[in-house]
Amino acid sequence: MIEFNNVTKIYKKTFTAVRNINLKIDSGEFIFIVGKSGAGKSTLIKLLLREISPTQGIITYNNQDINKIRKRRLAEYRRHIGFIFQDYRLLPKLTVYENVAFAMEMICCPAKIIRREVPLVLSMVGLADKAKYYPDELSGGEQQRVAIARAVINKPETIIADEPTGNLDFETSKEIMKILTEINRRGTTVIMATHDREIVSQYPSRVIELKNGMIIRDIKAGGNEDEPKED
Amino acid sequence: MNPKRINYIFKQAFKSMWRNRMMGLASIGSVTAVLIILGFILILVLNINNIALVARETFDQIAVYIMDGVEEEQIEEMGRAFRQIDGVMGVAYQTKEYALEKVKRDWGEDAFLLQDLRKNPLPNTYIVQLTDVSKANEVIKQLETFEGVEKVRYYQDAVNSLIKIADFVKKIGTGIIIILLLISIFIISNTIKITVLNRQREIELMQYIGATNGFVRGPFIVEGIMLGLIGSLVAILIIMLGYNYIIDYLAGRYLALLSGMSGYLVGVKMVINDLIIIFMTIGMGIGILGSLVSLKKFLSV
């Protein structure tokens, strides 16, 4: 469970990126964070990953104040969270298989488990047959699927995806969404920042809308409420 | 630490060293250069100190050369008079024959060179032992007034200036070494910087995935240490060969002159163990510092 308690982040003492954020995310939720660029989506994600610390307020993860985590323990905390980038961030010199295995190697998984788990996750994202390909031999959608595989391989409790469909066309985006909802269905919390309204409207779930660093809407039912629905 | 992790760290370190080998060579070269200069200065200081030390023991006394042709009675008379001088502890007489024998003994194998001497060139000598070094000048002045005294030699001054020279070389040397060390650290940190930048994506990813700090930093620190160590090994080799060569050269050229002084030079074998330890420590130190400087600058964890 993630909780933001009156969180404010001010950059360089002048620019307020997010303001008085109060937010509670239960385990197993699927959440969209929407808003124009500059609305504070990235700041929210960075705060959650503890890349940055809030100027005010408290963020808790499973009731632990994440800004009280010691630096040495930070790596451990980040293992609870799988992160998916807009630009995939695959390592170009490694194959699909190796890119996914990389995440397990980084936390020192035994080789036996790596050999068992990587093919399972690759088939979950539908890339079992492309294990030996290099990232530049894949389409954008496929690359993002590799990135998703890499994010879930260590079985994190939470997946954070920052504009995961930002570089993809609608059809490909739907494939990505299908995988993300499947991951969520298996019990993982998914937090997805996006400004793709069409996607949001297609996958009804909780939507948090940010504007100028503030939450202007938090709708359990989802959808794009500011645009009157036509049906 | 788990062996898999160590394996990974070393693999990464070697990989990036190879990928970045030109900068690596520059780093190794700079470490080697610093250490060679350090070695040179160390050996110089050691030798000057050693010479001063040996000389001090040998020459903590005044030699009074007696003119040839002075009668033995008069010589004995002089000895008695010397003993009366204030500041003199004791006096020993050394005949010219004894002095020649001693030289022959010192020269060892080369003593045959002395066989053809028609006349013993060495003087009869009184060795005057002082009660206190501070009285040396006083005593010397008085000794010089005696009739039949050819020359009064006292080496303490020379010894003292040698010690001063050694101190001076030490100070200048320390200054040079510190500057050079900083330059080396800078060059290594630059090399590591390139590696860090090359691998920035990977590092970021590692941090997001939750790799521990040691895991992220390990390869860079190992790379720095390897560069420093290789540099120090090259320096050790060059110093060893170079110093050996210089000693051989001096010995070959000035054998007769130096053989009596062989105790004055510090042999390679006597210093090499210390040098290896000093060099490897400094080499590794430069490497670690270089890596840390870079990591601090370019890794925001």
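In chain B, 88% of the contacts with a separation of 6 or more join residues 24 or more positions apart. The corresponding share in chain A, among contacts between residues at least 6 apart in sequence, is 67%. Both values describe a predicted model, for which the predictor gives the complex an ipTM of 0.84 and a pTM of 0.68. For chain B, the mean pLDDT is 80, with 90% of its residues at 70 or more.

It helps to set out the two chains in outline before turning to their parts. Chain A contains seven helices and 10 strands, and 37% of its 231 residues count as buried. Chain B has 10 helices and four strands, and buried residues make up 28% of its 301 residues. Read from the N terminus, the elements of chain B follow the order α-α-β-α-β-α-β-α-β-α-α-α-α-α.

We can begin with the sheet of chain B. Its four strands form an open sheet in the order β2-β3-β1-β4, with antiparallel pairing. The edges are taken by β2 (88-94) and β4 (149-154) of chain B; each has a single partner strand, so one side of each is left without a neighbour in the sheet. Direction ignored, neighbouring strands of this sheet are turned by 20° against each other on average. Within the sheet, β1 (residues 62-66) and β3 (residues 124-130) of chain B pair in the antiparallel sense over five bridges. One of the residues involved is Y65(B), whose bridge partner in β3(B) is T125(B). Helix α5 (residues 136-145) of chain B packs on the sheet and touches β1, β2, β3 and β4 of chain B. The direction of this helix makes about 170° with that of β4(B).

Chain A also offers a sheet to follow. Here four strands form an open sheet in the order β2-β1-β4-β5, and the pairing is antiparallel. At its edges are β2 (15-25) and β5 (64-65) of chain A, each of which pairs on one side only. Strand β1 (residues 2-11) of chain A is joined to β2(A) by seven bridges in the antiparallel sense, and I2(A) stands opposite I25(A) in β2(A).

Helix α3(A) deserves a closer look. Nine of its 11 residues are buried, so the helix is mostly covered. The buried residues are V96(A), Y97(A), N99(A), V100(A), A101(A), F102(A), A103(A), M104(A) and M106(A). Following this helix comes C108(A), which has a positive phi, near 60°.

The same helix reappears when the nonpolar cores are considered. In soluble globular proteins, nonpolar side chains tend to be buried together. The largest nonpolar core has 68 residues, of which I33(A), V100(A) and A149(A) touch the most other members. The element giving the most to this core is α3(A), with eight residues. Leaving aside neighbours within four places in sequence, A149(A) is in contact with V100(A), V121(A), L122(A) and V125(A). Another core, of 29 residues, lies apart from it, and its members include L42(B), I188(B), L227(B) and I286(B).

A further residue of chain A brings together parts that are distant in sequence. L210(A) is found in strand β9 (residues 206-211) of chain A. With 23 other C-beta atoms within 10 Å, L210(A) is buried, because the cut-off for burial is 20 or more. Beyond its neighbours within four places in sequence, L210(A) is in contact with I33(A), G35(A), A39(A), G40(A), K41(A) and I215(A). For one of these partners, G35(A), the C-alpha atom is separated from that of L210(A) by 5.0 Å, although the two residues are 175 residues apart along the chain.

Finally, we come to the place where the chains meet. On the side of chain A, 13 residues are in contact with 15 residues of chain B. The elements of chain A that give two or more residues to this side are α2 (71-78) and α3 (96-106). Of the elements involved, α2(A) gives the most, with four residues. By character, the residues on this side of chain A divide into seven nonpolar, no polar and six charged. Helix α3(A) thus has a part in the contact with chain B and gives the most to the largest nonpolar core.

Notes. Residues are numbered from 1 along each chain as its sequence is written. Chains are lettered from A and ligands numbered from 1 in the order in which they are written. Two residues are in contact if their C-beta atoms, placed from the backbone, lie within 7 Å. Ala, Val, Leu, Ile, Met, Phe, Trp, Tyr, Cys and Pro count as nonpolar, Asp, Glu, Lys and Arg as charged, and the others, Gly among them, as polar. pLDDT is the predictor's confidence in each residue, from 0 to 100. A residue is buried if 20 or more other C-beta atoms lie within 10 Å of its own, exposed if 12 or fewer, and partly exposed in between; C-beta atoms are placed from the backbone. Two strands pair if DSSP finds at least two bridges between them. Axes are lines fitted to C-alpha atoms, for helices over the stretch in contact, and angles run from 0 to 180 degrees between N-to-C directions. A nonpolar core is a set of buried Ala, Val, Leu, Ile, Met, Phe, Trp, Tyr and Cys residues joined through C-beta atoms within 7 Å.
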